[in-house]
Amino acid sequence: MASNFIDYVKINVRSGHGGSGSSHFRREKHVPKGGPDGGDGGRGGHVVLRGNSQHWTLLHLKYQKHIFAKDGKGGEGGRRSGLQGEDAIIDVPLGTIVKDPETGEVLAEVTKNGEEVILLKGGRGGLGNTNFKSSTNQAPHYAQPGEIGEDMWVVLELKVLADVGLVGFPNAGKSTLLSVMSAATPEIADYPFTTLTPNLGVVAYRNFKSFIMADIPGIIEGAAEGKGLGTRFLRHIERNSILLFLVPASVENIEEEYLILLNELKQYNPALLDKERILAVSKMDLVISEEDKDRILKQIPENLPYVLISSAMQQGLTELKDLLWTTLQNAQPPVEKPTEDVEQLESDSE
């Protein structure tokens with residue numbers, strides 16, 4: 001079954017043409033030499049992006065490849081201006097960015113509910129002949145045509161907005177942790193790559209506070225070169241305030257697993273290393289002996305905040321929430337990747 005989580009679409013947008021000005025003269029029985037009275041043409045419609053918190057994906061745009069604003073109407077006699085063209089409003093989820101598909105240049109982004117960004121301006125309406133009359137030219141027989149609207153293909157990319165991003169290898173327990181800390185119901189199964197799309201959950205905290213946690217599909221070594229799910233979903237980590245690395249207690253070397261994950265993020269975007277990082281050693285319910293626990297503690301990198309947890313037994317989750325909340329209060333704003341390559345998804349964009 002195809003997933004409804006769509007975070008990349010390529011669409012054609014066009015703003016409206018401006019209406020032509022009118023070249024008209026007043027003609028009434030008792031008004032000799034009425035003079036020019038042609039009205040101005042109406043402005044063409046803009047193409048506007050609008051943030052909508054009720055949208056979570058770009059699915060509604062997947063099969064709507066062409067979005068055109070309306071043209072402005074022409075002016076009329078009696079100095080009547082033409083109607084402005086209706087704007088084309090494109091509702092997008094928060095965290096959507098717009099790129100030029102040829103250069104990868106970021107043209108706009110929407111991060112707030114109700115925020116409106118004009119992507120393409122409509123053509124200006126032409127001036128009617130009444131604007132050109134003067135003492136030396138009292139009967140101009142010409143008016144301006146309207147300006148032509150803009151037309152271009154753009155790429156829309158969604159980067160999930162979340163406070164905490166879960167980073168880990170497949171089967172590290174990310175989905176299970178999200179399900180026990182929030183009301184989210186991600187798919188959970190005992191095989192790799194169970195999570196194929198990002199999942200969001202609202203984590204309740206003390207005194208009616210809360211924060212948003214995102215479960216990102218599992219990363220494997222070589223993801224930056226396209227292995228596994230590649231870098232397709234790594235863009236969502238860029239919008240997270242802090243990164244929570246999940247490493248299961250059953251691995252041979254926790255520090256080595258953590259450094260592999262860190263290196264994949266560095267290969268994708270070095271700016272991600274500036275984010276606050278926390279390590280959660282998951283599946284501690286599988287650790288029975290004190291010797292194994294001591295081995296795990298010795299493998300944790302120095303100066304890295306950590307918590308030992310068990311999602312199945314719901315152990316250490318309160319301490320994890322406390323650490324996440326404290327870190328969030330001191331976290332720097334999310335950083336953007338300096339230069340990004342536009343993904344080539346020809347099957348979706350043609």
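This is a short walk through the predicted model shown above, from its overall make-up to a few individual residues.

Let us start with the whole chain. The protein has 350 residues, and 49% of them count as buried. Its secondary structure consists of 14 strands and five helices. Contacts can be sorted by how far apart their partners sit in sequence: taking those with a separation of 6 or more, 74% are between residues 24 or more positions apart. On the outside, the protein exposes about 18100 Å², and carbon and sulfur atoms supply 48% of that area.

With that frame in place, we can turn to the charged side chains. Side chains of opposite charge can pair when their charged atoms come close. In this model the count of salt bridges comes to six, and three of them make good stops on our route.

The pair to visit now is Asp91 and Arg50, whose closest N and O atoms are 2.7 Å apart. Asp91 belongs to strand β4 (residues 88-92) and Arg50 to strand β2 (residues 47-51), so the salt bridge links distant parts of the chain, 41 residues apart. Arg50 has a relative accessible area of 29%, and is therefore partly exposed, since that class lies between the 20% and 50% limits.

A second pair joins Arg206 to Asp322, with a distance of 2.3 Å between the closest N and O atoms. Here, too, distant parts of the chain are linked: Arg206 sits in the loop between β10 (199-204) and β11 (210-215), Asp322 sits in helix α4 (residues 317-330), and their positions lie 116 residues apart in the sense that they are that far apart. Are these two partners buried or exposed? Arg206 is partly exposed at 42% relative accessible area, and Asp322 is partly exposed as well, at 23%.

The third stop is the salt bridge between Arg80 and Glu76, where the N to O distance is 3.8 Å. Both partners are again partly exposed: Arg80 has 48% relative accessibility, and Glu76 has 43%.

Charge also gathers without pairing. Glu290, Glu291, Asp292 and Asp294 together form a negative surface patch. One of its members, Asp294, is placed in helix α3 (residues 290-299). Its relative accessibility of 38% makes Asp294 partly exposed, and that value also fits the patch rule, because patch residues must have over 30% relative accessible area and no salt bridge.

Next, let us look at the loop between β1 and β2, where two residues deserve a closer look. The loop holds His24, and Arg43 lies there too. His24 is partly exposed, with 35% relative accessibility. Which residues does His24 touch, beyond those up to four places away in sequence? The list is Gly35, Pro36, Asp37, Gly38, Gly77, Gly78 and Asn129. The backbone gives another view of the surroundings: the C-alpha atoms of His24 and Gly75 are separated by 9.4 Å, although these residues are 51 residues apart along the chain.

Arg43 is partly exposed at 22% relative accessibility. Leaving aside neighbours within four places in sequence, its contacts include several glycines, among them Gly18, Gly72, Gly85 and Gly122. Gly123 and Gly125 are also in contact with Arg43, as are Leu83, Gln84 and Asp87. Gln84 is worth picking out in the model: its C-alpha lies 4.7 Å from that of Arg43, while the two residues are 41 residues apart in sequence.

Our last stop is the backbone itself, at two loop residues on either side of helix α3. Lys283 is found in the loop between β13 (276-282) and α3, and Asn303 is placed in the loop between α3 and β14 (306-308). What is the phi of Lys283? Its value is near 60 degrees, which is positive in a residue other than glycine. Asn303 likewise has a positive phi near 60 degrees and is not a glycine. Their accessibility falls into separate classes: Lys283 is partly exposed at 30%, whereas Asn303 is exposed, with a relative accessible area of 80%.

Methods
Residues numbered from 1 in each chain as written. Predicted model: local features only at pLDDT ≥ 70, side-chain atom pairs only at ≥ 80, totals over all residues. Heavy atoms only, no water. Patch = residues over 30% accessible without salt bridge, like charges linked within 9 Å, V, L, I, M, F, W, Y side chains within 5 Å. Areas by Shrake-Rupley, 256 points an atom, 1.4 Å probe, with all protein chains shown as cover. Salt bridge = Lys/Arg side-chain N within 4 Å of Asp/Glu carboxyl O. Lys, Arg positive; Asp, Glu negative; His and termini not counted. Charge placed at Lys NZ, Arg CZ, Asp CG, Glu CD. Helix = DSSP H or I, 4+ residues; strand = E, 2+ residues; numbered from the N terminus. Buried < 20%, exposed > 50% of the residue type's maximum accessible area, 1.4 Å probe, protein only. Contact = heavy atoms within 4.5 Å.
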